[in-house]
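I opened my notebook to look up how the parts of this model meet one another. The entries follow in the order in which I made them.

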Number of protein chains: 2
Amino acid sequence: MKKSAVPVDAPKPPKARGRPRSFDRESALAAAMDVFWKKGFEAASISDLTEAMGINPPSLYAAFGDKEQLFLEAMERYERSRGDSCPYSDEATARAAIERLLTYMATDLTGSDHPRGCMMLMAVATSANASARLKKAVTDKRVAAREHLRARIKRGIEEGDVPRGADASALADFYSTVMNGMAMMARDGVSRRSLLATVEQAMQLFPASSARGKRREAAAA
Amino acid sequence: MKKSAVPVDAPKPPKARGRPRSFDRESALAAAMDVFWKKGFEAASISDLTEAMGINPPSLYAAFGDKEQLFLEAMERYERSRGDSCPYSDEATARAAIERLLTYMATDLTGSDHPRGCMMLMAVATSANASARLKKAVTDKRVAAREHLRARIKRGIEEGDVPRGADASALADFYSTVMNGMAMMARDGVSRRSLLATVEQAMQLFPASSARGKRREAAAA
DNA sequence: CTGTTTATTTAGCGATCGATACAGAAGATG
DNA sequence: CATCTTCTGTATCGATCGCTAAATAAACAG
């Protein structure tokens, strides 16, 4: 049931008809992502975007559809790059995974090679007048992140590195809250060191796996 | 060096010349606050505001100056109402004060008689294109709130209800982070119960005042 | 070469933004 | 009453918003 009798299905046959694009789509998307990251969705104007991307409006619309689709692509790229940079589910225990995730966020949120804070969090506040589709996409991403956290903790309970009595949902909510709060603090200009101190405090709350005496060994530090 | 020889300086001589204002300034400001609360600064248009306030643009500009000054007044009103509703510094101990503050926020952020989330937090994200003056005003308010928290904890250390070894700044940062995060969670639609559960978890981290054995009595709950 | 296809530039569309000019209305003052 | 002062409604202003029509440019196929 192939489309043709002749085996012309090359693995990469981009025949490239018409005038080729004069800009790199990926780097243009990266530039757009930075603008959305810094300003949010609505406050980022087409002029802001085209200037940062180095192209003119018609090229933007031809390559990305419209502002909303461009934002959705930028959001996907943002999430993917964050997830790739921090494969926290690879950690052996739920506690290690969460600590790694929080530590990564504390450093990334205060990184100097990109805007401060979290792009998704900016998007929540700056999509009040956006379409329902976009708002739903943003909310879904955030809910999925919380659910992913919860699933990792639940896995820890099943695998035995988290006490059986632990409340995976409540813990996921708590650490999600801390991560959201850290993103706001970073936006306010709070230092990386302060964020890391907050991570350390938050991790003291993670239920100890072994005997009761082990809990909070860092209390005297 | 009084301005006149005759003692006409009455305590309240609002002689009210000209046509009186046909709307109540306070309730109009309250309506504007709700719009800013829901949409943020930039996404709230003058039409949004005038419609909610029940007035026309010239009345808005005559009574409040411009959009930015109106927002600043709305922000003052917001902070004042929140502070009046929760005089957390009245509590005897720093721990009780913080627990009261967090509990109040968990309920208020999910209140049904106003928009979800925190107006100040919306403002941070939606003032990217606003004037430097407005951005500074918002940041100053948020920094002041953290400093107020820190001062209360420090007072607790001095008064003996918080252990001498406690780090007031780190604790203030942590609970500020939790509050910011709760505001985002509320915006996402998380339930009041979940927020209160987060508060309960966060309070377990507060340093115990008395002997070492007292810490985390709620661990078995 | 002549066509076809796609991307680019220029220029500007209708809508909305924040903010105002203007004239009339509603009060106090005389 | 007339006059002054301030507010209100109408009807915009110039600027910017997201977006696009039209002409031109750069690649292909024949």
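**Entry on DNA strand C.** I looked up which element gives the most to the surface near DNA strand C, and found that it is α3(A), with 4 residues. Helices here are DSSP runs (H or I, at least four residues; strands are E, at least two), numbered from the N terminus. I note early that this is a predicted model, in which local features need pLDDT of at least 70, side-chain atom pairs count only at pLDDT 80 or more, and totals for chains, interfaces and linings use all residues. Residues are numbered from 1 along each chain as its sequence is written, while chains are lettered from A and ligands numbered from 1 in the order in which they are written.

I found 26 residues around DNA strand C, and the closest are Gly18(A), Arg19(A), Ser59(A), Arg19(B) and Ser45(B); a residue is near a strand if its C-beta atom, placed from the backbone, lies within 6 Å of it. Two or more residues of this surface come from each of α3 of chain A, α2 (46-53) of chain B and α3 of chain B. I sorted the surface near DNA strand C by class and wrote down 11 nonpolar, 7 polar and 8 charged residues. For these classes, Ala, Val, Leu, Ile, Met, Phe, Trp, Tyr, Cys and Pro count as nonpolar, Asp, Glu, Lys and Arg as charged, and the others, Gly among them, as polar.

**Entry on DNA strand D.** I then turned to DNA strand D, which is surrounded by 25 residues, the closest being Arg19(A), Ser45(A), Lys67(A), Gly18(B) and Arg19(B). At least two residues of the surface near this strand come from each of α2 (46-53) and α3 (57-64) of chain A and α3 (57-64) of chain B, and the largest share, 4 residues, belongs to α3(B). By class I noted 11 nonpolar, 7 polar and 7 charged residues on the surface near DNA strand D.

**Entry on the two chains.** I asked how many residues of chain B are in contact with chain A. There are 35, and they meet 35 residues of chain A, where contact means that the C-beta atoms of two residues, placed from the backbone, lie within 7 Å. On the side of chain B that touches chain A, the largest share, 13 residues, comes from α8(B), and the classes are 16 nonpolar, 12 polar and 7 charged residues. I also noted that 100% of the interface residues of chain B are interface residues in chain A too, so the copies meet through the same surface.

**Entry on symmetry.** I found that chain B can be laid on chain A with an RMSD of 0.1 Å by a turn of 180° and a shift of 0.0 Å along the axis, the copies being superposed by least squares on the C-alpha atoms of residues with pLDDT of at least 70 in both. This is the relation of a two-fold axis. In chain B, the C-alpha nearest the axis belongs to Gly181(B), at 1.9 Å from it.

**Entry on a helix pair.** Last, I looked at contacts between α5(A) and α8(A), where Ile98(A), Leu102(A), Met105(A), Ala106(A) and Leu109(A) in α5(A) meet residues of α8(A) including Tyr175(A), Val178(A) and Met182(A). By class, I counted 11 nonpolar, no polar and no charged residues in the contact of α5(A) with α8(A).
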